[in-house]
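Biologist: Got a fold for us to pick apart? Pull it up and let's talk it through.

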Amino acid sequence: MKYKIIFLDIDGTLTDSRKLITEKTRRAIMKAAENGLIIAIASGRPEPGLAYAAGELEMSDIGGYLLPFNGGIIKNAMTGEVIASDTISREALETAYKTAKKYGIGIITYKEGDIIAADRTDEYIDIESRINGMPVKLTDNFLETVDFAPVKCLLTGEPDVAAKAEKELAELLAGKANVFRSEPFFVEVVPNGIDKAASIKKLTELLGISREEIIACGDGFNDVSMIKYAGLGVCMANGCDAAKAVADYIAPTNDEDGVAEVIEKFVL
């Protein structure tokens with residue numbers, strides 16, 4: 001088999017428009033795993049947000065890897081072993097909080113099964129809570145409540161304001177944290193040097209897998225790095241222009257069964 005591992009984004013790539021994995025896609029992935037392909041889910045979501053997909057794909061039994069927070073954590077899906085973990089600095093957290101306050105937008109981070117939000121919630125924090133199945137805990141003193149080093153914090157706001165906050169944060173935290181928008185209304189702050197490509201490189205080097213043996217499938221802003229890095233970088237037909245621009249292949253179907261089509265064409 002030419003390819004040894006496949007990295008899959010969740011929303012709009014692995015799942016359909018209802019955020020469910022279709023039976024066709026599930027069967028294709030399970031068959032690929034039976035034939036020796038290693039399955040890895042790389043998402044900006046926290047680990048609870050990956051639980052549905054990991055369960056549907058029976059990853060606790062068939063194996064594979066989970067990369068929540070774009071690989072800020074790398075975890076063996078079968079054993080539960082954390083292979084690597086990175087956190088953002090206190091300086092990055094404080095700078096992100098001050099920027100969120102300046103622009104009047106939301107900011108959250110994650111602790112175990114909870115989302116910790118500063119002062120208030122908004123429609124975008126509600127989206128994050130819903131898709132990950134995590135309750136929101138409001139705090140009137142965010143920096144005191146977050147007395148640990150988080151893996152990621154997320155700023156949430158209207159796209160035009162989020163774009164301004166992203167630009168300012170990227171300048172303030174240059175060389176100290178990685179700042180990017182994963183959605184028009186989400187600004188992610190993750191450890192310096194962490195994105196999906198860097199995390200994939202870290203894991204595959206540990207596994208002895210070369211870049212040319214990697215398939216990476218995605219559709220969004222935070223998938224661009226891994227699509228560009230992989231030996232076969234795939235963008236779904238419904239993907240953003242930036243992801244399509246760096247892809248080696250664009251799946252002819254959209255999020256409904258694009259991954260199944262890729263597996264059938266390049267793996268089975």
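What follows is a short chat about the sheet, the cores and one helix pair of this predicted model.

Biologist: Which strands stand at the edges of the sheet?

Modeller: The sheet is open and has 8 strands with mixed pairing, in the order S5-S4-S3-S2-S1-S12-S13-S14. An edge strand has a single partner, so one side of it lacks a neighbour in the sheet. That fits S5 (82-85) and S14 (249-250).

Biologist: And in S13, what is the bridge partner of Ala-216?

Modeller: S12 and S13 run parallel, joined by 4 bridges. Residue Ala-216 has its bridge partner in S13, and that's Gly-233.

Biologist: Which element gives the largest share of the largest nonpolar core?

Modeller: That core has 31 residues, with Ile-41 and Ile-215 making the most contacts inside it. Several elements each supply at least two residues, among them S1 (5-8), S12 (214-218) and H12 (258-266). The largest share is 4 residues, and it comes from H12.

Biologist: How many residues are in the second core?

Modeller: This one is separate, and its members include Ile-88, Ile-105, Cys-153 and Ala-177. Its count is 22 residues.

Biologist: Now the helices: is the crossing of H5 and H8 left-handed or right-handed?

Modeller: H5 (residues 90-103) packs on H8 (residues 159-172) at about 150°, their axes 10 Å apart. Residues of H5 including Ala-96 and Tyr-103 meet a set in H8 that includes Val-161 and Leu-169. By class, the contact has 6 nonpolar, 2 polar and 3 charged residues. As for the hand, the crossing is right-handed.

Terms used: Residues are numbered from 1 along each chain as its sequence is written. This is a predicted model: local features need pLDDT of at least 70, side-chain atom pairs count only at pLDDT 80 or more; totals for chains, interfaces and linings use all residues. Side-chain values use heavy atoms; hydrogens and water are left out. Axes are lines fitted to C-alpha atoms, for helices over the stretch in contact, and angles run from 0 to 180 degrees between N-to-C directions. A crossing is left-handed if the near helix is turned anticlockwise from the far one by less than a right angle, and right-handed if clockwise. Contact means heavy atoms within 4.5 Å. Ala, Val, Leu, Ile, Met, Phe, Trp, Tyr, Cys and Pro count as nonpolar, Asp, Glu, Lys and Arg as charged, and the others, Gly among them, as polar. A nonpolar core is a set of buried Ala, Val, Leu, Ile, Met, Phe, Trp, Tyr and Cys residues joined through side-chain atoms within 4.5 Å. Buried means under 20% relative accessible area, exposed over 50%, partly exposed in between (1.4 Å probe, protein chains only). Two strands pair if DSSP finds at least two bridges between them.
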